[in-house]
Amino acid sequence: MMKVLEVQSVSKSYSNHIALNDVSLSVEEGQIFGLLGPNGAGKTSLIRVINQITMPDEGQVFFNGQKLNHGHIGQIGYLPEERGLYKKMKVGEQALYLAQLKGLSEKEARKALHTWFEKFDITPWWDKKVEELSKGMAQKIQFITTVLHQPKLLIFDEPFSGFDPINANIIKDEILKLKENGTSIIFSTHRMESVEELCDHIALIDKSKKILDGPISEIKEKYKQQIYTVDFSSTELEFLNSLPEHLKLIHKNSHKAEIQIVNDSSATELIRFLLDKCDIKGFEEKIPTVNEIFIRTVQGN
Amino acid sequence: MNKIILIIKREYLSRVRKKSFIVMTILGPILMAALMMTPILMDNSDTEERSIWICDESGLFVSQFEKSEAVKTTFFSEPILKVKALFQQSEAFALVHIPNSSESTISELESIINVFAHKPISLANRRLISRNIESVIESIKLKNEGLTRDIIEKTRADINLNTIILGESGSEKLGSTEIAMGLSMAGGFLIYMFIFLYGTMVMRGVMEEKTSRIVEIIISSVKPFQLMMGKIIGVALVGFTQFALWILLTFVLSTLATTLLVSPAEINPADLANGTELLLQDVEIPQNGIASILAQLESMNLTLLLATFLFYFVGGYLMYGALFAAVGAAVDSETDTQQFMMPITIPLIFSIIALQTILENPDSSLAFWCSIIPFTSPIVMMGRLPFDPPLWEIGLSMVLLIIGFIFTSWIAGRIYRVGILMYGQKVTYKTLWKWIKQS
């Protein structure tokens with residue numbers, strides 16, 4: 001896989017604090033890369049470095065194998081978390097302006113905009129002023145202006161905020177389509193369920209350092225804790241209160257229990273042990289959610 | 001480069017199309033035309049006859065009161081109490097009471113004359129009354145000293161100085177103090193107004209981008225400096241458009257108004273001169289009128305004056321515009337701008353005050369320094385130009401203005417770059433300094 005973006009040991013500090021401390025990561029073609037971290041961890045600083053809004057103090061950024069420069073601006077699309085539009089300007093005019101700033105010619109921009117406006121069924125908005133639009137409507141326009149110039153790399157910071165579930169789904173589908181067409185996407189959000197749904201790869205930044213990085217499946221594998229969810233057919237589960245030493249009861253309700261294997265014995269042994277006591281309807285390894293991984297790593301840091 | 005043109009275009013078009021721009025552009029000249037027309041119209045409307053009663057107990061004034069077309073005077077010699085009672089019921093405008101006095105004690109009158117009226121009396125009418133009384137008292141005093149008014153009139157001199165400047169090659173040209181002073185004063189004032197009006201517009205524009213949060217989207221496409229300069233230039237073009245329209249419309253309107261409201265026969269050159277006088281800020285128009293004005297204009301190197309005016313106009317605006325942009329970037333709301341506006345407004349106000357003293361004394365060291373230092377030079381040098389300051393001083397001042405512009409836009413660019421992305425932070429001068437130092 002080709003690396004679209006490579007961040008190498010980037011550090012950035014402001015007068016009173018360090019925003020990024022030796023952060024490296026790379027984004028491959030057609031990948032959705034989840035950039036996670038608590039508030040104030042340095043995500044926005046990193047995104048601003050990638051967008052050349054600020055320059056790193058140390059380290060380098062490569063785009064398509066070249067050192068990042070202003071020529072790359074047209075190949076990056078950025079939807080910041082704090083976003084807005086000129087309130088007094090007409091929607092169409094404004095979208096044209098933003099597209100032209102990204103390097104499209106007026107003709108190209110107009111054509112592409114009409115396609116998108118038709119796709120989202122918002123052609124009548126063209127001559128409206130932005131202040132007449134609702135927040136969700138304005139967010140849609142912003143999404144369009146971000147992706148319009150068909151960038152190789154898209155950076156979305158909380159792209160779903162302000163959208164109702166229906167519109168959020170429309171946007172999600174568009175993001176997946178973009179991915180299929182080979183666009184790489186950096187996706188920064190606090191909504192872990194959308195990370196689960198969309199991301200191939202995640203990196204976690206906390207206190208200006210990267211503390212976790214890898215394909216989501218590998219990370220989940222690594223963070224498994226040998227916990228198994230067992231669905232019993234009976235409700236007489238008293239035996240669970242006196243488990244042998246290598247087993248630990250995490251959680252129990254009327255007919256379900258979560259059991260953790262504390263030593264390195266196998267799941268088969270656990271099943272064998274349980275079958276002696278009671279009938280089993282279901283047995284499943286509990287895979288940690290991104291949410292749990294997030295909380296555990298950040299709290300452990 | 002292409003992008004900065006896009007930004008300029010947007011800044012320009014979005015402002016020129018605004019309703020407020022159109023309204024201001026049309027209202028401005030109407031106000032100006034009104035200002036020019038007022039003296040003419042006022043003079044015409046104020047012809048209504050006023051009747052003034054004078055209760056002259058001394059009997060000294062009856063024979064000597066000047067007759068005037070606008071005022072009808074009626075004299076009474078009865079005691080004041082009786083006259084006052086009559087006045088109560090009359091339509092007369094005012095009643096002047098001159099107490100009993102004799103020629104030898106005339107000086108005492110000066111502070112004891114009263115005027116009774118139904119309504120407060122305007123300054124002009126009071127002046128009219130007091131001028132009349134003063135002239136009578138003066139005549140009486142002159143008589144006491146053995147002189148007559150005629151002798152005084154005969155001895156009066158009225159000099160109209162024609163300054164002739166000797167060129168190095170021996171050429172002579174008519175000096176141009178009054179007109180030149182008027183023009184340069186107007187020029188300096190125009191620069192001052194332009195910087196304030198459109199500098200504030202730049203500041204508001206930056207704040208709008210910041211508070212509407214569009215700025216981060218834009219600076220992911222263009223450099224912050226490009227955005228800032230694009231805005232400053234775009235707003236400048238808005239200003240040029242508005243000024244040009246103002247001048248054009250003022251000209252059209254005042255011509256129209258003059259022809260419509262005043263029939264040609266009635267036009268009194270003195271009134272027109274009065275109107276112009278207001279614009280030229282109390283410049284005295286020489287008695288020999290238009291011909292002399294034209295001669296004076298010819299004697300000045302108008303092209304040079306205009307070229308330097310344009311240079312200082314643009315240079316001053318660009319230098320201050322960058323600072324206004326920086327202020328806009330540093331704050332979150334208009335109320336926070338106050339503390340940072342101070343260092344911008346003080347040199348501007350200082351230069352407009354200095355301009356007036358400099359016109360009195362164009363070669364003073366205050367004039368020299370103020371016309372060299374870039375923060376005051378755009379306005380002050382305008383005031384010195386008609387007095388032919390040495391060329392090297394103009395050159396130095398221009399070079400320094402360019403350096404000043406580069407300096408302020410560098411500083412402003414650094415504040416701007418950091419400031420536009422800072423929200424909800426309390427910004428002090430210390431924070432600004434940190435932003436400037438930040439790499």
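Author: A helix here is a DSSP run of H or I at least four residues long, numbered from the N terminus. The model discussed is predicted.

Reader: Which helix gives the most to the lining of the largest cavity?

Author: Helix α4 of chain A, residues 135-147, with 3 residues. That stretch meets the minimum of four residues, so α4(A) counts as a helix.

Reader: What makes the largest cavity a cavity, and what is its volume?

Author: A cavity is space where a 1.4 Å probe fits but cannot get out. The volume is about 80 Å³. The search of the whole structure finds 4 cavities of 30 Å³ or more.

Reader: Which residues line the largest cavity?

Author: Both chains contribute: Y78(A), L98(A), K102(A), Q142(A), T145(A), T146(A) and H149(A) are joined by I217(B), S220(B) and S221(B). By class, the lining has 3 nonpolar, 6 polar and 1 charged.

Reader: Why is the second largest pocket called a pocket?

Author: Because a pocket is an open set of points, whereas a probe in a cavity cannot get out. About 1,200 Å³ of space lies in this pocket.

Reader: What lines the second largest pocket?

Author: It has 50 lining residues, with Y14(A), S45(A), R48(A), L421(B) and M422(B) nearest the centre. Elements giving two or more residues include β2 and α1 of chain A, and α9 and α17 of chain B. Helix α16(B) gives the most, 6 residues. The classes are 16 nonpolar, 21 polar and 13 charged.

Reader: How do you know that β1 and β3 of chain B pair?

Author: Pairing takes at least two bridges. Strands β1(B), residues 50-56, and β3(B), residues 94-98, have 5 bridges, so they pair. The sense is parallel. One partnership is I54(B) with V96(B).

Reader: What makes β2 and β4 of chain B edge strands?

Author: Each pairs on one side only. The open sheet runs β2-β1-β3-β4 in chain B, with mixed pairing. Twist averages 25 degrees from one strand to the next. Helix α3(B), residues 80-89, packs on this sheet and touches β1, β2, β3 and β4 of chain B. Its direction makes about 175 degrees with that of β3(B).

Reader: Where in chain B is confidence lowest, and where highest?

Author: Helix α10(B), residues 269-279, is lowest, at a mean of 48. Helix α1(B), residues 2-16, is highest, at 92. Over residues 272-287 of chain B, pLDDT stays under 50. Where pLDDT is low, predicted coordinates should not be read in detail. The mean for chain B is 80, and 83% of its residues reach 70 or more. For the complex, the predictor gives an ipTM of 0.84 and a pTM of 0.76.

Key
Residues numbered from 1 in each chain as written. Chains lettered and ligands numbered in written order. Predicted model: local features only at pLDDT ≥ 70, side-chain atom pairs only at ≥ 80, totals over all residues. Heavy atoms only, no water. 1 Å grid on protein atoms, 1.4 Å probe; cavity = no way out; pocket = protein on both sides within 12 Å on 5 of 7 lines; lining within 4 Å. Points joined across faces, edges and corners; volume = space filled by probe spheres on them. Nonpolar A, V, L, I, M, F, W, Y, C, P; charged D, E, K, R; others polar. Axes fitted to C-alpha atoms, helices over the stretch in contact; angles between N-to-C directions. Contact = heavy atoms within 4.5 Å. pLDDT = per-residue confidence, 0-100.
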